[in-house]
Amino acid sequence: MNDDYLKDAYGLDTPEATRAHYQKWASSYDSEVAAHGYVTPGRLAEALWSHMPEAQTPVLDYGCGTGLSGEALHAVGFRVIDGVDPSPKMLEGAEAKGVYRRLSTFDLSDPNPLQQGAYKAIAAIGVISVGAAPPETFDLLMNALPKGGLLAFSFNDHTLADHTYTCRLNDWLDMGATRLLFREHGPHLPGMDLKSDVYIVEKS
């Protein structure tokens with residue numbers, strides 16, 4: 001198994017580099033992460049369902065990639081899932097999974113790509129991360145939620161080591177703008193001995 005794409009992902013530092021990398025990785029992404037036992041999508045989907053067991057409530061899968069996150073959301077019970085991702089090649093993989101109501105792409109340079117208040121729940125599984133989406137993505141997603149909306153997201157070990165990510169979360173918590181409902185540290189990519197925190201927060 002060639003792990004170059006996976007290893008290189010943690011060193012990406014511009015939106016252009018990120019989009020290009022995931023475009024090239026799309027065809028082998030599923031097999032590469034599966035080889036290392038990628039479990040964060042299932043952990044996070046189960047956590048979201050435990051706080052919002054509503055099959056027909058639309059969920060936005062932000063940064064859905066090839067659809068592994070959508071499959072996990074569908075497996076726990078969600079039936080109305082929309083996916084967005086900046087990589088058209090990744091979206092081809094998501095389309096093939098057959099679990100999404102609709103799929104669309106967006107421009108990483110767009111400061112406001114989401115319709116405000118359109119979703120009661122947003123999942124960003126393995127997205128807000130070193131080498132993927134920057135810390136301010138947390139603000140973008142929280143601002144898109146209505147009051148009482150839920151954000152399900154994860155920080156892997158690389159991301160937890162970069163305090164700009166956890167500080168962004170803590171800013172929202174300290175201001176009382178969001179409430180932490182769930183946090184659990186557990187396996188992420190066991191084959192690489194990587195773990196992740198999964199979170200569910202509610203917008204106040």
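Helix α8 has its buried residues covered by several elements of this predicted model. Among the covering elements are two helices, α6 (137–144) and α7 (157–160). Three strands also take part, namely β5 (150–156), β6 (178–189) and β7 (194–203).

Which residues of α8 are buried? They are Y165, T166, L169 and W172. Seen down the axis of α8, these buried residues fall within an arc of 120 degrees, so they line one face of the helix. The general geometry helps here: an α-helix has 3.6 residues a turn, so residues three or four places apart point the same way. Turned away from the buried side is a face of α8 that carries the exposed residues H163, D174 and M175.

The length of α8 can be checked too. It runs over residues 163–175, and at 1.5 Å a residue these 13 residues should span 18 Å; the end C-alpha atoms are 18 Å apart, which agrees with that expectation. Just after α8 comes G176, with a positive phi of about 80 degrees.

Let's turn to α6, one of the elements that cover α8. Seven of its eight residues are buried, so α6 is largely enclosed by the rest of the structure. The buried residues of α6 are T137, F138, D139, L140, L141, M142 and A144. What covers them includes the strands β1 (59–62), β4 (121–124), β5, β6 and β7, along with helix α8.

Now for the empty space. How many cavities of 30 Å³ or more does the count give? The count comes to one. The table sets the largest cavity beside the second largest pocket.

| Space | Volume | Leading contributor to the lining | Classes of lining residues |
|---|---|---|---|
| Largest cavity | about 40 Å³ | β5, three residues | two nonpolar, eight polar, no charged |
| Second largest pocket | about 190 Å³ | β2, three residues | nine nonpolar, four polar, two charged |

The lining of the largest cavity is formed by T40, G126, I128, S129, S154, F155, N156, T159, H188 and S196. Strand β5 gives the most to this lining, and β5 also helps to cover the buried residues of α8 and of α6.

For the second largest pocket, 15 residues make up the lining, and L60, V84, L114, Q115 and Y119 are those that lie nearest its centre. Both β2 (81–84) and β3 (102–104) supply at least two residues each to this lining.

One loop residue deserves a look as well. Where does T66 lie? It is found in the loop between β1 and α4 (68–76). Is T66 buried or exposed? At 3% relative accessibility, T66 counts as buried, because the cut-off for burial is under 20%. T66 and P88 are 22 residues apart along the chain, and their C-alpha atoms are separated by 9.7 Å.

Finally, the chain as a whole. It holds eight helices and seven strands. Of its 204 residues, 50% are buried. Among contacts in the chain with a separation of 6 or more, 67% join residues 24 or more positions apart.

Notes. Residues numbered from 1 in each chain as written. Predicted model: local features only at pLDDT ≥ 70, side-chain atom pairs only at ≥ 80, totals over all residues. Heavy atoms only, no water. Expected span 1.5 Å × (residues − 1). Buried < 20%, exposed > 50% of the residue type's maximum accessible area, 1.4 Å probe, protein only. Arc of directions from axis to C-beta. Contact = heavy atoms within 4.5 Å. 1 Å grid on protein atoms, 1.4 Å probe; cavity = no way out; pocket = protein on both sides within 12 Å on 5 of 7 lines; lining within 4 Å. Points joined across faces, edges and corners; volume = space filled by probe spheres on them. Nonpolar A, V, L, I, M, F, W, Y, C, P; charged D, E, K, R; others polar.
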